[in-house]
Each structure stands twice: as C-alpha cells, then as structure tokens.
Amino acid sequence: MKRISQFGRGMFEMLGVLAITGVLLIGGISGYSKAMSVYKLNKWIYQIREMIANAQILYINQKAFGEKVGDNMLDAFISVGIIPQGMLNENKKDMFGNYLSIEISNKKSVVDALRVSYRWFMSANKNAVECCAKLYELANYYDSLWLVAIENDFSYTNCGKSAPLVYVKDQKCQAYNFMAAKTHCKKCEKQKCTMLLLLDNSSF
C-alpha cells in the first residue's frame with residue numbers, strides 16, 4: 001500500500017509539473033510573439049524615419065523633387081538610395097504588406113515650398129492599427145511634416161510645428177494625443193486606410 005501511495009503521489013506531481021510547464025510554454029510563446037511584433041513595428045518606423053532623413057539630405061538644395069505634380073517618386077527614391085535597403089520587397093510593399101506611394105504635393109496654393117507626399121495603402125487588419133498610430137507620432141519628431149492623417153477620413157489630423165498657420169487652420173489640425181490617435185486608428189482594423197504624410201523639405 002505504501003508503494004502504491006508513493007507511485008500515485010509521483011504521478012500527480014508529474015502531472016502538476018507538466019501542467020505548469022505547459023502554462024509557462026504558452027506564456028513564453030505569447031510573450032515572444034508580442035516582443036517580435038513590437039520589434040517589427042519599431043524597425044518599420046525606424047526605416048521610415050531613415051527614408052525621410054535621406055530625402056531631406058539629398059534634396060536640401062533642390063527646388064523640386066521631380067518634374068511635375070503627380071510624379072510617382074518611389075522608383076526614383078529607390079534608385080538613389082533614399083529608400084533603406086530591405087524596407088520594401090520586390091512588389092514594393094513593406095514588412096506589413098503596406099504599399100508605399102511617394103508623390104509631389106499639389107498644395108502650392110497654400111505656401112510655395114518644396115513638398116512631397118508619402119502615402120501608405122493599408123489593408124484592414126490589426127497591424128494597420130499599430131502602423132497608423134506610429135505614423136501619427138511622427139508629427140512630434142519632425143517639424144517638417146506638415147500633415148499626418150488618414151486620407152480617407154480627415155476627422156483627426158496632426159501638423160508639424162513648421163506648418164503655416166493658414167494651413168493648420170485649413171486642415172483643422174489637432175494637437176497630437178496618443179490615445180486619440182490610437183482610437184482613431186482602430187477603424188483601420190475593419191476598413192482599408194490610406195495614411196498621408198506631407199513633408200516640407202525646407203524646414204527641419
């Protein structure tokens with residue numbers, strides 16, 4: 001009877017250890033997945049900031065980014081090394097599957113300045129929500145970003161510090177607020193979003 005009791009106790013102990021190990025394993029996988037998501041998001045925004053810095057340096061003494069309004073500058077930016085290596089795949093999409101378009105702005109009626117617009121076309125998913133919120137943060141980092149907004153919904157727009165007052169009023173720019181941006185970006189989980197960044201290369 002003593003041996004049976006010890007055997008039974010050993011089995012219960014082993015089952016308890018297995019259960020604890022299973023919980024720890026699941027928690028570890030979940031934690032790793034979350035850490036990788038944060039890493040990818042930080043790498044993504046770092047690549048964007050690097051791209052903006054490269055464009056500012058290369059075009060600092062230029063009067064225009066391209067020949068005419070509406071030019072898609074993406075291929076040109078890739079060919080001269082403005083787009084960081086590995087930022088876009090062969091289909092010109094980033095690590096989250098967002099498509100990037102870079103065009104000369106047509107906002108000359110507001111202020112005559114060197115401007116280019118960056119557009120991220122995002123499919124509806126949770127990654128788009130996080131990418132959207134990160135892009136709104138850029139208005140805090142760059143005075144030269146005149147506008148950060150979801151192009152198909154301008155109900156929440158941010159402007160950089162150098163954006164002319166007349167432009168801020170015209171676009172109804174609001175002060176950046178992380179919670180407001182995250183709440184606004186939640187709609188990108190259920191609908192396609194096009195994020196618009198308007199850059200003034202003459203102020204940074």
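Helices (H or I, at least four residues) and strands (E, at least two) are DSSP runs, numbered from the N terminus. Keep that in mind and you can place things on the map: Lys172, for instance, is found in the loop between α4 and α5. What you're looking at is a predicted model, where local features need pLDDT of at least 70, side-chain atom pairs count only at pLDDT 80 or more, and totals for chains, interfaces and linings use all residues. Residues are numbered from 1 along each chain as its sequence is written, and side-chain values use heavy atoms, with hydrogens and water left out.

**The big picture**

- The chain has 5 helices and 5 strands, and from the N terminus on they come in the order α-α-β-β-α-β-β-α-α-β.
- Out of 204 residues, 39% count as buried; buried means under 20% relative accessible area, exposed means over 50%, and partly exposed is in between (1.4 Å probe, protein chains only).
- About 12100 Å² of the chain is exposed, and carbon and sulfur atoms supply 58% of that. These accessible areas come from the Shrake-Rupley method with a 1.4 Å probe, and for residues only the protein chains shown count as cover.
- A contact means heavy atoms within 4.5 Å. Take the contacts in the chain with a separation of 6 or more: 65% of them are between residues 24 or more positions apart.

**Strand β5, covered on both faces**

- In strand β5 (residues 193-200), 8 of the 8 residues are buried, so the strand is largely enclosed by the rest of the structure.
- One side of β5 carries Cys193, Met195, Leu197 and Leu199, the other has Thr194, Leu196, Leu198 and Asp200, and all of these are buried.
- Strand β3 (residues 145-150) runs antiparallel to β5 and is joined to it by 5 bridges. Two strands pair if DSSP finds at least two bridges between them.
- One of the bridge partners to look up is Leu196 in β5, which pairs with Ala149.
- Thr194 lies in β5 and is buried, with a relative accessible area of 16%.
- Leaving out residues up to four places away in sequence, Thr194 touches Arg119, Trp120, Phe121, Ala149, Ile150, Glu151 and Asn152.

**Helix α5, a helix with two sides**

- In helix α5 (residues 178-185), the buried residues are Ala181, His184 and Cys185. Looking down the axis of α5, these buried residues fall within an arc of 95°, so they line one face of the helix. The arc is that of the directions from the helix axis to the C-beta atoms.
- An α-helix has 3.6 residues a turn, so residues three or four places apart point the same way.
- Met179 and Thr183 sit on the other side of α5 and are exposed.
- The buried residues of α5 pack against α3 (126-141), β3 and β4 (153-158).
- At the start of α5, a side-chain oxygen of Asn177 comes within 3.1 Å of the backbone nitrogen of Met179.

**Cysteines and disulfides**

- The structure holds 3 disulfides, each one a pair of cysteine sulfur atoms within 2.5 Å.
- Cys132 is joined to Cys185 by a disulfide (S to S 2.0 Å). Cys132 lies in helix α3 and Cys185 in helix α5, so the pair ties together parts that are 53 residues apart in sequence.
- Cys159 and Cys173 form another disulfide (S to S 1.9 Å). This pair links the loop between β4 and α4 (165-171), home of Cys159, with the loop between α4 and α5, where Cys173 sits, 14 residues apart.
- Cys188 and Cys193 are bonded too, with their sulfur atoms 2.2 Å apart, and with -100° about the S-S bond their link is left-handed.
- Counting bonded cysteines along the chain, the disulfide pattern is 1-4, 2-3, 5-6.
- What about Cys131, and how far is its sulfur from the closest cysteine sulfur? The closest one is in Cys132, 8.8 Å away, too far for a bond. Cys131 counts as buried, at 0% relative accessibility.

**Two lysines with a positive phi**

- Most residues other than glycine have a negative phi.
- Lys92 has a positive phi, near 65°. Lys92 lies in the loop between α2 (74-79) and β1 (99-104) and is partly exposed, with a relative accessible area of 27%.
- Lys172 also has a positive phi, about 55°, although it is not a glycine. With a relative accessible area of 62%, Lys172 is exposed.

Definitions and conventions:
A polar contact is a pair of N or O atoms within 3.5 Å; within protein, one must be able to donate a hydrogen and the other to accept it, and residues adjacent in sequence count only if both atoms are side-chain atoms.
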